[in-house]
Amino acid sequence: MKTLSIITLIYCCTALTACNFSKGAKKDLSTGLSYNYNGFSVRNVLLIDASGTPLSSNKVSLNTRVSVAALGIINYGLKDGKVYPGMMLAVTDQQGNPVIKSADLFAGGKGYPPAGATELRGDITIAQPMASGQVYHVNVRIWDKVKAGNEINAEADLVVH
């Protein structure tokens with residue numbers, strides 16, 4: 001009976017591992033960036049500066065660039081050996097008015113080798129019409145155009161000073 005239980009346990013673990021399914025959520029308490037993922041596996045999602053250094057807070061200066069970077073993305077669906085990511089980037093002011101809105105930063109893409117799409121980032125230039133002393137909400141959605149249901153959603157508030 002004990003052997004049967006061990007065999008059943010091994011079978012269940014193998015079956016679950018074969019699915020390549022991942023789901024989770026995380027929040028960076030220093031920047032306030034939160035993200036969730038479903039289907040994809042992702043190592044981390046960060047706010048970074050123009051040099052690629054992770055931010056230590058959500059305070060940003062005018063006339064700078066920050067990015068939302070998703071690192072270590074795997075489990076894309078393949079089509080002809082390529083992956084087809086989509087990435088929406090939106091920034092709104094405190095009243096919900098769009099400041100930046102891109103429905104798909106990869107629109108019209110002809111596919112990428114899987115190793116070339118493990119790190120994706122959406123760049124945000126902190127400039128007019130943004131203003132010092134204001135808070136802006138950033139929303140990013142990454143999805144897989146081949147494997148429906150694979151997605152990463154991230155959001156954060158940026159305080160411009």
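How many aromatic pairs does the protein contain? In this predicted model, the count comes to three. Two of them are described below, after the overall architecture and one sheet.

The protein contains one helix and ten strands. Along the sequence, the elements follow the pattern α-β-β-β-β-β-β-β-β-β-β. The helix thus opens the series, and the strands follow. Of the 161 residues, 37% are buried. The accessible surface amounts to about 9100 Å². Carbon and sulfur atoms account for 57% of that surface. Contacts often span long stretches of sequence. Among those between residues at least 6 apart, 65% join residues at least 24 apart.

Strands of a sheet pair through backbone hydrogen bonds, in a parallel or an antiparallel sense. Here, three strands form an open sheet in the order S3-S5-S8. Its pairing is antiparallel. Strand S3 (44-49) and strand S8 (120-126) lie at the edges. Each of these edge strands pairs on one side only. Strand S5 sits between S3 and S8 in the order. On average, neighbouring strands of the sheet are turned by 15 degrees against each other, with direction ignored. Strand S5 covers residues 64-71 and pairs with S8 over seven bridges. This pairing is antiparallel. At residue level, Arg65 has Thr125 of S8 as its bridge partner.

A pair of aromatic rings is described by the distance of the centres and the angle of the planes. Phe40 and Tyr76 form an edge-to-face pair. Their ring centres lie 5.0 Å apart, and the planes make an angle of 75 degrees. This pair links distant parts of the chain, with the two positions 36 residues apart in numbering. Phe40 belongs to the loop between strand S2 (34-38) and S3. Tyr76 belongs to the loop between S5 and strand S6 (85-92). Both Phe40 and Tyr76 are buried.

Phe106 and Tyr112 also form an edge-to-face pair. Here the centre-to-centre value is 5.8 Å, and the planes are 80 degrees apart. Is each partner of this pair buried or partly exposed? Phe106 counts as buried because its relative accessibility is 17%, under the 20% cut-off. Tyr112 counts as partly exposed because its relative accessibility is 28%, which falls between the limits of 20% and 50%.

Technical notes:
Residues are numbered from 1 along each chain as its sequence is written. This is a predicted model: local features need pLDDT of at least 70, side-chain atom pairs count only at pLDDT 80 or more; totals for chains, interfaces and linings use all residues. Side-chain values use heavy atoms; hydrogens and water are left out. Two strands pair if DSSP finds at least two bridges between them. Helices (H or I, at least four residues) and strands (E, at least two) are DSSP runs, numbered from the N terminus. Axes are lines fitted to C-alpha atoms, for helices over the stretch in contact, and angles run from 0 to 180 degrees between N-to-C directions. Rings of Phe, Tyr and Trp (its six-membered ring) pair if their centres lie within 6.5 Å; planes under 30 degrees apart count as stacked, over 60 as edge-to-face and the rest as tilted. Buried means under 20% relative accessible area, exposed over 50%, partly exposed in between (1.4 Å probe, protein chains only). Contact means heavy atoms within 4.5 Å. Accessible areas come from the Shrake-Rupley method with a 1.4 Å probe; for residues, only the protein chains shown count as cover.
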